[in-house]
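User: Hey, I've got a model open and I'm a bit lost. Can you walk me through it?

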Amino acid sequence: MEKINHEEFITDMIRFASSAESPSRIINQILQYICNHLRSDRAYIFEDNLDGTYSNTYEYCCEGVSAEIDNLQNLPFKGMLDTWFTEYEKSHNIIIYDIEKYRTVSEPLYHILKPQGIHTLVTGPIEINGKNIGFYGVDNPPVEYMDNISILIDMMEFVIAMMIRLRNYSNELEESAIRDSLTGCKNRTALSWAYDNNFDVSQSIGIVMCDLNGLKRMNDSKGHLAGDQYIRDAAKILCDCFGKENVYRIGGDEFAVVLTGISRDDLQFHCEQLRDLTSNTPVSLSFGVEFCEQREASFETLLRYADEKMYEDKRRYYRMLK
């Protein structure tokens, strides 16, 4: 079997991956290149879920090899993967020439690896800013390649870690573009899918338009810092009622809640919950609700209906203050 030219391997891997248009696609391209050129069955990445488990987040399988990514989610670190990380600290990578012999090293890992049809394996950690955030590996590379692969491990780790770092940075930029910095809720930009009517017309949609009562009075009497806290408190209540991913801050003191596939009864339940929560806090909200079983009007029309009902609620609120 021909010897791997290490510099050529890395150069070609980066060149091959550069054809992808996003960091996640680049990572997938890298795994495809590694798998094919190391004549392995599978190449993959696991990442730390930060809850004591790790999940397979990327996988490439050669033709005829079964995908395992769905079966390898939330694997426990303690009592299983900690074995590998202990070995990483000693030798930085793990080379398994014979899975049957590896059984004496870790029985739990053996029972994960064996059903996947793994005979040989090479794996290494992924480190970013001095912290292990996961690991990657290749399954069933030819034994003749094993020593060559061990030399490539560090170089592959560097490229993969760099791509994950770019992916994380890209995700942070995307997230910051659709998140309101004050409340952490989504912003109006994040609602573009609804304004574009880009949702299933056969699904129901519920819209709750909300406006804070007394924010100007709060700003004038206690200052804008207190006003900002008032907005944050209102946002937390809305997120607790409807879920953070469904709440949008669309103006200074205006929020929209958009729920698809919800029933009328469930929407009413959440709105009653909102009334109950605000009645026990200093936060006061006026809101209007619009529900549509199937999309019979544009999102903007439905939003306007909910907005009109919200202003009716606000007028009732101020009449009660007189």
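User: Which residues touch the most other members in the largest nonpolar core?
Analyst: Phe9, Ile34, Ile45 and Met156 do, in a core of 32 residues. A nonpolar core here is a set of buried Ala, Val, Leu, Ile, Met, Phe, Trp, Tyr and Cys residues joined through side-chain atoms within 4.5 Å. Buried means under 20% relative accessible area, exposed means over 50%, and partly exposed is in between (1.4 Å probe, protein chains only). Keep in mind that this is a predicted model: local features need pLDDT of at least 70, side-chain atom pairs count only at pLDDT 80 or more, and totals for chains, interfaces and linings use all residues. Residues are numbered from 1 along each chain as its sequence is written, and side-chain values use heavy atoms, with hydrogens and water left out.

User: Okay, and which element gives the most to that core?
Analyst: Helix 6, with 10 residues. Helix 1 (6-17), helix 2 (23-37), strand 1 (42-48), strand 5 (121-128), strand 6 (131-139) and helix 6 (146-178) each supply at least two residues. Helices (H or I, at least four residues) and strands (E, at least two) are DSSP runs, numbered from the N terminus.

User: What about the second core, how many residues does it have?
Analyst: That separate core has 27 residues, including Leu215, Ala235, Phe255 and Leu274. As background, nonpolar side chains in soluble globular proteins tend to be buried together.

User: Switching to sheets. What's the strand order in the open sheet of five strands?
Analyst: The order is 7-9-10-8-11, with mixed pairing. Two strands pair if DSSP finds at least two bridges between them. Strand 7 (186-187) and strand 11 (285-292) are the edge strands, each pairing on one side only.

User: Which strands does strand 8 pair with, and in what sense?
Analyst: Strand 8 (residues 205-212) pairs with strand 10 (residues 254-260) in the antiparallel sense over seven bridges. Cysteine 210 stands opposite phenylalanine 255 there. Strand 8 also pairs with strand 11 in the antiparallel sense, over eight bridges, and in that pairing isoleucine 207 stands opposite glutamate 290.

User: Is strand 8 mostly covered or mostly open?
Analyst: Mostly covered: eight of its eight residues are buried. Ile205, Ile207, Met209 and Asp211 point one way, while Gly206, Val208, Cys210 and Leu212 point the other way.

User: And which strands does helix 9 lie across?
Analyst: Helix 9 (residues 224-242) lies across strand 8, strand 9 (247-249), strand 10 and strand 11, running at about 10° to strand 10. Axes are lines fitted to C-alpha atoms, for helices over the stretch in contact, and angles run from 0 to 180 degrees between N-to-C directions. Helix 11 (residues 299-321) also packs on the sheet, touching strand 8, strand 10 and strand 11, and its direction makes about 145° with that of strand 11. Contact means heavy atoms within 4.5 Å.

User: At what angle do helix 8 and helix 9 pack?
Analyst: Helix 8 (residues 215-222) packs with helix 9 at about 145°, with the axes 7 Å apart. On the helix 8 side the contact uses Leu215, Met218, Asn219 and Lys222, and on the helix 9 side His224, Ala226, Gly227, Tyr230 and Ile231.

User: Asparagine 219 caught my eye. Buried or exposed?
Analyst: Buried, with a relative accessible area of 17%. Leaving aside neighbours within four places in sequence, asparagine 219 is in contact with His224 and Gly227.

User: New topic: how many disulfides does the structure hold?
Analyst: Zero. A disulfide is a pair of cysteine sulfur atoms within 2.5 Å. For cysteine 61, the nearest cysteine sulfur is that of cysteine 35, 7.0 Å away.

User: Why is there no bond from cysteine 241 to the closest cysteine sulfur?
Analyst: Because that sulfur, in cysteine 271, is 8.6 Å away, which is too far for a bond. Cysteine 241 is also buried, with a relative accessible area of 4%.

User: Last one. What's the phi of leucine 50?
Analyst: Leucine 50 has a positive phi of about 65° although it is not a glycine. Leucine 50 lies in the loop between strand 1 and strand 2 (53-61) and is exposed, with a relative accessible area of 69%. Histidine 92 also has a positive phi, of about 70°, and is not a glycine either. Histidine 92 is partly exposed at 28% relative accessible area, in the loop between helix 3 (77-91) and strand 4 (94-96).
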